[in-house]
Amino acid sequence: MSAWEGSETQARSAADEQPAEPPAKDPAIVALEKELESEREALTAAEAKRERERQAAVLKEQIEETRRRRKEEEALSEAEAKYGPLGKKIEALQTIEGLVIVKAPDGIKARKWMDQHGENPKVQACRELARPCVVYPPLERYDEIIADRPVVVISTANAVLKLAGLGGKELGGK
C-alpha cells in the first residue's frame, strides 16, 4: 500500500467515525410538520368530544326509557287494581310510542258500534270506539300518538273489541 492510499484510507475512516451532521431541515417542511401535528391533536380532541357527547346521549336515552317503562308498569298496576285482570278487563298494547292500556267497553255500546260499522270501519269510527276506553296514557298523549301513528287506533279498537268479546277477527282484515 502506498503512502497516498494509506492517508486516503485514514481520512475515510476518520470521516466514518465522526457522525455526519444531518442536513438542515427546510423551514417550510418544519412548519408543515408542526401544522400537521396541530391538526392531529385537534382531530383527536374533536373525536373525544364527539364520543363523550354520544355516551351522554345514550345514557340520557336509557334514563328516559327506564323512566317511561317504570311509569307504564305503575299505570298497569293501577289499571289492574281499578278495572280487573290483564286480558280479561284490560288490555295492554306495546307501541313504538309506548304502552297503551284500554279497558273493556260497555257491551251494548260495542255491539251497536259493530252493527253500525261492520268489519271494515273507517279510522274515525275506530277512534270513536277506542278513545273512551283508553286508560293510559292520558287522552292528550293518546291523541298525539294516533296523530303520528294512525295504525295504533286500529290496534286499540281491536283490543277493545276483544275485551267486549267481539274481536274474533281483526278489523280491516280479509
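**Helix packing and local geometry in a predicted model**

Me: Are H5 and H6 roughly parallel or oblique to each other?
Reply: In this predicted model, the axes of H5 (residues 139-148) and H6 (residues 151-164) cross at roughly 120°. Roughly perpendicular covers 65 to 115 degrees, and roughly antiparallel needs over 145. The crossing angle fits neither class, so H5 and H6 are oblique.

Me: Which residues of H6 make the contact with H5?
Reply: The two axes come within 6 Å. H5 contributes Tyr142, Ile145 and Ile146. From H6 come Val152, Val153 and Thr156.

Me: How many residues of the contact of H5 with H6 are nonpolar?
Reply: No residue of this contact is charged. One is polar. The nonpolar residues number five.

Me: Is Thr156 buried or exposed?
Reply: Thr156 is found in helix H6. Its relative accessibility is 0%. Buried means under 20%, so Thr156 counts as buried.

Me: Which backbone oxygen does the side chain of Thr156 reach?
Reply: Thr156 is one of the H6 residues that touch H5. Its side chain also comes to 2.7 Å from a backbone oxygen. That oxygen belongs to Val152.

Me: Which residues is Thr156 in contact with, leaving aside its neighbours within four places in sequence?
Reply: One of them is Tyr142, a residue of H5. The rest of the list is Leu93, Val100, Val102, Ala130 and Val134.

Me: Is Gly165 buried or exposed?
Reply: Gly165 lies in the segment after H6. Its relative accessibility is 61%. Exposed means over 50%, so Gly165 counts as exposed.

Me: What distance separates the C-alpha atoms of Gly165 and Arg111?
Reply: Along the chain, Gly165 and Arg111 are 54 residues apart. In space, their C-alpha atoms are separated by 9.6 Å.

Me: Which residue caps the N-terminal end of helix H3?
Reply: H3 spans residues 107-117. A side-chain oxygen lies 3.2 Å from the backbone nitrogen of Ile108. The residue that supplies this oxygen is Asp106.

Me: What is the phi of Gly118?
Reply: Most residues other than glycine have a negative phi. Gly118 follows H3. Its phi is positive, near 65°.

Me: Which residues does a cis peptide bond join?
Reply: Most peptide bonds are trans. Here one with omega of about 0° leads into the loop between strand E3 (134-136) and H5. It joins Tyr136 and Pro137.

Me: What pattern does the protein chain follow along the sequence?
Reply: The chain has six helices and three strands. Read along the sequence, they give α-α-β-β-α-α-β-α-α.

Me: What percentage of the 174 residues is buried?
Reply: The accessible surface comes to about 12900 Å². Carbon and sulfur atoms hold 53% of that area. Of the 174 residues, the buried ones make up 23%.

Notes. Residues numbered from 1 in each chain as written. Predicted model: local features only at pLDDT ≥ 70, side-chain atom pairs only at ≥ 80, totals over all residues. Heavy atoms only, no water. Helix = DSSP H or I, 4+ residues; strand = E, 2+ residues; numbered from the N terminus. Buried < 20%, exposed > 50% of the residue type's maximum accessible area, 1.4 Å probe, protein only. Areas by Shrake-Rupley, 256 points an atom, 1.4 Å probe, with all protein chains shown as cover. Polar contact = N/O pair within 3.5 Å; in protein donor to acceptor, adjacent residues only side chain to side chain. Axes fitted to C-alpha atoms, helices over the stretch in contact; angles between N-to-C directions. Parallel < 35°, antiparallel > 145°, perpendicular 65-115°, else oblique. Contact = heavy atoms within 4.5 Å. Nonpolar A, V, L, I, M, F, W, Y, C, P; charged D, E, K, R; others polar.
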